[in-house]
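Colleague: I have a sequence and a model open side by side, and I'd love a close look at one part of it. Could you start from a single pocket and walk me outwards from there?

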Amino acid sequence: PHRPTPWRRSVDRAMRCATHLATSTSSRTHARGESDRARTPSSGSWAKVTRPRRAMVSPAHEDARRRTRVGSKRNVDLPVLSPDTLRRDLYEHRTLWKTSVRGVVLCNGARGVDDCEYWLSYMPMRNRAEVIRLMLAYANVPYAFEVVGYERWGEVKPTMNFGKTPALVDVDGRGTDLTHETAMTRYLADKLNLGGSDSFQRARVDELFSQYWHTIRNNGLTHAGELYSAQALKDASAEDVENCGRFHETHRVNALSVAKRSLQALRVFEEIFETNGTPYLVGDAPTYVDFALFDALFDLGEEDAAPDFAERFRLYRCGEFANRVAGIPTIDAYLRSPTRIPRYERPEYAYVPGRFSPEP
């Protein structure tokens with residue numbers, strides 16, 4: 001037989017040491033809380049492994065953690081708000097920054113909080129929760145919309161995952177919350193069958209949502225930024241429209257105006273509709289990326305933005321698509337519902353009327 005090389009001997013020695021550590025039945029006494037049984041991933045057998053000792057938690061810290069867990073669950077003691085009363089209250093406070101309301105709006109036919117399949121918590125604005133609300137509206141799932149005024153946010157923030165809002169509260173019935181709008185969107189897409197019918201469709205929907213997120217949603221930072229802005233499109237010139245170029249041929253670092261970048265972002269989806277020949281971005285049924293795009297187009301079509309965007313920017317298929325989604329009965333009902341939060345205008349975040357959303 002061949003003589004083992006020094007490298008081979010070192011590997012064998014390391015393997016023997018690892019095996020000894022994983023299977024040792026040494027009778028040495030472990031420190032309290034140090035030893036535990038665990039399934040080793042390689043063999044699936046039970047073996048003694050060493051784990052770090054659990055840190056001691058003071059009673060005061062334990063109480064604080066318990067309060068946080070309780071606070072993260074659905075607060076069924078909050079007052080149920082009338083949508084009309086809420087709308088009047090928001091306009092009376094004029095801007096988001098002055099809102100102090102906290103209560104629950106029952107949506108999609110829910111008669112009480114016990115009827116709600118989901119519990120969505122957010123400030124009184126559309127913004128990061130609107131795509132989620134469109135999905136819930138389309139599926140006609142009863143849910144509670146917990147409205148947290150900006151002046152009340154300080155008392156709620158410490159109870160949320162990562163201090164973030166919006167949140168799906170107690171999604172599993174065991175006090176687990178889910179934050180970050182992309183995670184919430186994909187979670188609901190899975191629950192509501194809005195993610196695609198097979199593995200390829202799901203990947204394609206995810207791909208298009210990523211494209212939307214990095215352009216129209218300005219990498220998640222804002223709805224009106226350097227990569228996309230409805231206001232910039234409102235002020236777009238004829239030269240912007242004629243010479244914006246294609247997104248596919250533009251370098252990431254460029255000197256384009258925001259209007260041209262915004263046009264490029266929308267024309268990506270215009271080209272997809274033209275190529276697909278389908279009523280929705282992926283197949284014959286709507287998915288969550290359709291509601292994301294619709295939200296942007298509906299906002300762009302407001303009277304004080306670019307209501308003629310389809311003709312003005314030659315986004316004919318996007319215009320047809322926006323009308324198609326708006327005509328879905330459950331979506332139409334939501335758009336006209338008083339449960340929908342009024343829109344606002346930047347930079348003051350002042351509430352303003354809009355389509356199907358009149359001032360009280």
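Modeller: Happy to! Let's start with the second largest pocket, which has a volume of about 290 Å³. Please keep in mind that this is a predicted model. The lining of this pocket consists of H214, T215, L227, F247, T250, H251, R252, V253, N254, R261 and Q264. Sorted by class, these residues are 6 polar, 3 nonpolar and 2 charged.

Two helices lead away from that lining. H214 is one of the lining residues, and helix α7 covers residues 199-214. Follow α7 back and you meet F209 and Y212, which are 3 residues apart and therefore separated by about one helical turn. Their ring centres lie 5.4 Å apart with the planes at 35 degrees, so this pair is classed as tilted. Both F209 and Y212 are buried.

The other helix is α10, residues 258-276; R261 and Q264 are among the residues lining the pocket. Is α10 mostly covered or mostly open? Mostly covered: of its 19 residues, 14 are buried. Its length also checks out, because 19 residues at 1.5 Å each should span 27 Å, and the end C-alpha atoms are 28 Å apart, which agrees. Just beyond α10 comes G277, with a positive phi of about 70 degrees.

From here, let's step over to the largest pocket, with about 660 Å³ of space. It is lined by 25 residues, and A230, D299, R343, Y344 and R346 are the ones nearest its centre. The make-up by class is 11 charged, 10 nonpolar and 4 polar residues. Helix α8 (230-234), helix α11 and strand β8 (343-345) each give at least two residues to the lining, with α11 providing the largest share, 4 residues.

Helix α11 runs over residues 288-300 and holds F294 and F298, 4 residues apart or about one turn. Both of these phenylalanines are buried. R355 brings its charged end over the ring of F298, 3.8 Å from the ring centre. A comparable arrangement to look up elsewhere is R133, whose charged end sits over the ring of F145 at 4.2 Å from its centre.

Now back to the residues nearest the centre of the largest pocket, Y344 and R346 among them. Y344 belongs to a cluster, linked by ring pairs, that also takes in W97, Y150 and Y349. R346 is joined to P347 by a cis peptide bond, with omega near 0 degrees, and P347 is in the loop between β8 and β9 (350-352). Y349 is found in that loop between β8 and β9 too. Though not a glycine, Y349 has a positive phi of about 60 degrees. Its relative accessibility is 18%, so Y349 counts as buried, given that the cut-off is under 20%.

Two further spots are worth a look for their backbone. T165 and P166 are joined by a cis peptide bond with omega of about 5 degrees, and P166 lies in the loop between α5 (153-156) and β6 (167-168). On the other side of β6, in the loop leading to β7 (178-179), you will find D170. D170 is not a glycine, yet it has a positive phi of about 55 degrees, and it is buried with a relative accessible area of 13%.

Technical notes: Residues numbered from 1 in each chain as written. Predicted model: local features only at pLDDT ≥ 70, side-chain atom pairs only at ≥ 80, totals over all residues. Heavy atoms only, no water. Expected span 1.5 Å × (residues − 1). Buried < 20%, exposed > 50% of the residue type's maximum accessible area, 1.4 Å probe, protein only. Phe/Tyr/Trp six-rings, centres within 6.5 Å; stacked < 30°, edge-to-face > 60°. Lys NZ or Arg CZ within 6 Å of the ring centre and 35° of its normal. 1 Å grid on protein atoms, 1.4 Å probe; cavity = no way out; pocket = protein on both sides within 12 Å on 5 of 7 lines; lining within 4 Å. Points joined across faces, edges and corners; volume = space filled by probe spheres on them. Nonpolar A, V, L, I, M, F, W, Y, C, P; charged D, E, K, R; others polar.
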